[in-house]
Structures are given as structure tokens and as C-alpha cells.
Amino acid sequence: MSITSKELAKILNLSPAAVSMALNNKPGVSTATRKLVIETADRYGYDFSRLEKKHNIKGTIYFIIYRKHGAVVGDTPFFSALSDGIAQGCKKADYKMRISYIYEDERNVAEQLEEIQYSDCVGMIVLGTEMQPEDLKPFLALPLPFVLLDTYFETISCNYILINNVQGAYLAASHLISRTKKQPGYLHSAYPIGNFAERNSGFFKAVRAHGMASSKSIVHLLTPSMDGAYADMKEILENIENKEELAPCYFADNDLIAMGAMKAFKEAGFRIPQDIAIVGFDNLPFSKVIEPSLTTIHVPKQYMGEMAAARLIELLCDPSASPIKIEIGTTLIERRSSQQTLSVALQGSALL
């Protein structure tokens with residue numbers, strides 16, 4: 001019977017992880033250690049045929065979904081589309097793709113990553129939507145390449161693939177202003193998410209570009225989920241003293257916030273878009289079927305996933321490649337929730 005990798009580790013006084021990396025030609029051990037492990041394995045009759053079978057496959061790329069508070073990252077169409085794009089990109093290049101969740105509130109993140117590191121993982125695509133800069137430290141310590149998806153940190157140099165959030169929010173706010181000729185309000189996430197901070201910047205940039213004062217835009221902080229936004233908006237509406245505390249139109253940080261708020265507005269007797277026009281962000285599938293259908297910012301989610309996979313594969317081929325940031329452009333999808341000017345005009349014609 002041939003010697004096992006664990007037995008090799010005991011003989012060499014190395015960790016099983018170091019022996020595994022050396023045998024599988026993975027980064028994380030020195031050239032001298034790798035040579036020592038291979039020579040010792042050969043001397044003790046290690047069965048190298050099992051490694052040859054593995055080498056027929058380029059390896060597995062892990063899609064790491066980092067969950068901090070779970071308010072945004074979950075089983076939604078947005079993240080399903082990202083996953084489909086990553087899977088497609090991996091398949092084209094003959095890599096396997098596996099999804100793994102990292103939960104901040106469970107055992108140490110480094111321990112969770114260690115299990116992945118010493119598996120068949122060759123690189124990672126990390127969904128960083130809910131991450132803060134300090135959350136990236138365990139990933140930076142890994143001897144594996146990774147791409148950070150759906151967020152960006154100015155202070156950390158690594159490879160980023162993300163939405164052009166500033167552009168999207170600018171388009172949304174500009175659309176509301178041009179359609180209603182009024183100062184837009186903002187349904188802003190109550191959770192500190194990097195994407196939403198960038199959308200905040202794009203929204204107010206558009207407000208100022210149209211000659212309006214940022215301080216005059218009414219802002220409501222809402223939970224970034226449909227049920228949460230509905231409950232928060234309903235409470236706000238129950239406590240307002242007059243309609244002047246509401247804006248005639250709103251940009252929402254995402255479609256879930258927009259749809260939750262729309263439900264609360266409609267229950268309170270407001271007509272959409274005649275009384276309040278709304279624009280969301282993400283173009284989720286159900287934004288087409290709600291009543292009225294939601295004007296929103298389209299994000300090419302599957303393409304983002306494909307780009308993340310392509311960049312990681314480039315890093316696997318050239319580990320010394322300089323870090324890059326790729327922003328994916330957005331487009332406005334106009335539907336009925338923002339057609340305030342048109343709706344009012346049609347109503348006036350019907351009365352004649």
C-alpha cells in the first residue's frame with residue numbers, strides 16, 4: 001500500500017496543507033519545500049497517478065458569497081445572474097465552478113477560507129457587496145489569486161469588477177427631473193453598502209448638475225429589502241404631518257426598496273406615477289410585472305460574472321499582472337412608474 005499525504009507530512013514534519021500544495025503544484029510553499037516533498041514522496045512510493053487524474057482538469061474556481069448582515073446578499077435574481085455568468089466563463093476556459101458561502105457571524109473567517117484553500121481551489125471570485133475594507137484582510141493573506149466582485153475600496157489594491165453605480169444613479173435622477181420638472185427625493189438604503197454610497201454620489205451629482213440644491217432633496221432611509229422598505233415607508237407615512245414632507249418623485253437605491261415603498265405609497269392613497277414617480281436600480285425580473293411596471297437602471301449582471309471569471313483566469317495565467325478595476329456600464333429602462341408628465345397629460349385630454 002502506497003504512502004498517504006498525511007503520512008508524508010508526519011515524516012517531513014510539515015503541515016498536511018503544505019504537503020498537499022506541494023504535491024498539487026499550488027502556490028503557498030517554497031521551491032525548496034516543493035522539491036523536498038516530491039523527492040520524499042517518490043522515495044516512499046507515493047501514488048502519483050491520482051495527481052495525474054486531477055491535472056486533466058485545470059481546477060476549480062470558487063465563487064465566494066460573503067454574507068455580513070444578509071440584508072442585500074441572498075438568493076435573488078441579481079446574484080443568480082452573476083453566478084450564471086461566472087459558471088459560463090469558467091466553462092469556456094475548462095474550469096469547474098463551485099459556490100461557497102462565508103458567514104461573518106459564524107466561526108473565524110480565516111478558518112472557513114482555510115478549508116477552501118486546501119481543496120481543489122485554484123482561485124476565487126469574491127462577492128463583496130456587503131464587505132467593508134477590513135473584511136478583505138483574510139483574503140489578502142491567501143496565496144491564491146482572487147477577483148473582488150460588486151464593490152470597490154479606494155485604499156486596497158486588487159482586481160475589481162463592479163457596476164458603474166455613479167453613472168446609473170445619475171441617469172435615474174436626471175430622468176426623474178426631465179420627466180417631472182421637480183426636485184427628486186431619495187429612497188436611500190439604511191445599510192452601509194459601498195454600491196449605495198456610490199449611487200448616493202451619482203444621485204446628488206445629477207441634482208446639482210440640474211441647478212438644484214442637494215439640501216432640498218427629501219431623503220428617507222429604508223431597509224434594502226422589499227418587506228423592510230415597505231414597513232419603513234409605511235411608518236414614515238403614518239407619522240408625516242403634511243404632504244410637503246414627501247417628494248413628488250423618488251430614486252431608490254435598488255428595485256426592492258422601490259417596490260416596497262410603492263406598496264406603502266399605494267396603500268396610503270397615492271397614485272403612481274401621477275402623485276409620486278419612482279425609479280429603481282437593478283432591473284430585476286419582477287420589476288416588469290408589478291403595477292405599475294417599474295422604471296429602473298439595467299445592470300448586465302451575467303456579463304459582470306463572465307468578466308470576473310475572465311479576469312481571474314488571466315491572473316491564473318499571469319500571476320504578476322497589475323491589478324485593474326473594471327466598471328460595467330448601465331442603461332435606463334423606462335416603464336410606467338416614472339411617466340408622470342405623460343400620465344397627467346393624458347388625464348387632462350380625457351377631461352376635455
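The following paragraphs lead from the overall form of this protein to two of its local regions.

The model is predicted, with a mean pLDDT of 88 across the protein and 91% of the residues at 70 or above. Confidence falls below 50 over residues 342–352, a stretch that makes five contacts in the model beyond near neighbours in sequence.

In secondary structure, the protein comprises 13 helices and 12 strands. Its C-alpha trace extends about 95 × 35 × 35 Å along the principal axes. Of the 352 residues, 49% are buried. Where contacts join residues at least 6 apart in sequence, 72% of them link residues at least 24 apart. The exposed surface amounts to about 16,600 Å², of which carbon and sulfur atoms contribute 52%. Side chains carrying charge number 36 positive and 39 negative, and the centres of these two sets are separated by 5 Å.

Helix α2 covers residues 16–23 and is largely enclosed by the rest of the structure, because six of its eight residues are buried. These buried positions are Ala17, Ala18, Val19, Met21, Ala22 and Leu23. Just after α2, Asn25 adopts a positive phi of about 55 degrees.

Further along the chain, Ala321 is found in the loop that connects α12 (301–317) with β11 (325–328). Leaving aside residues up to four places away in sequence, Ala321 touches Arg311 and Leu315. Val299, by contrast, stands 22 residues from Ala321 in sequence, and their C-alpha atoms are 27 Å apart in space.

Methods: Residues numbered from 1 in each chain as written. Predicted model: local features only at pLDDT ≥ 70, side-chain atom pairs only at ≥ 80, totals over all residues. Heavy atoms only, no water. Buried < 20%, exposed > 50% of the residue type's maximum accessible area, 1.4 Å probe, protein only. Helix = DSSP H or I, 4+ residues; strand = E, 2+ residues; numbered from the N terminus. pLDDT = per-residue confidence, 0-100. Contact = heavy atoms within 4.5 Å. Areas by Shrake-Rupley, 256 points an atom, 1.4 Å probe, with all protein chains shown as cover. Lys, Arg positive; Asp, Glu negative; His and termini not counted. Charge placed at Lys NZ, Arg CZ, Asp CG, Glu CD.
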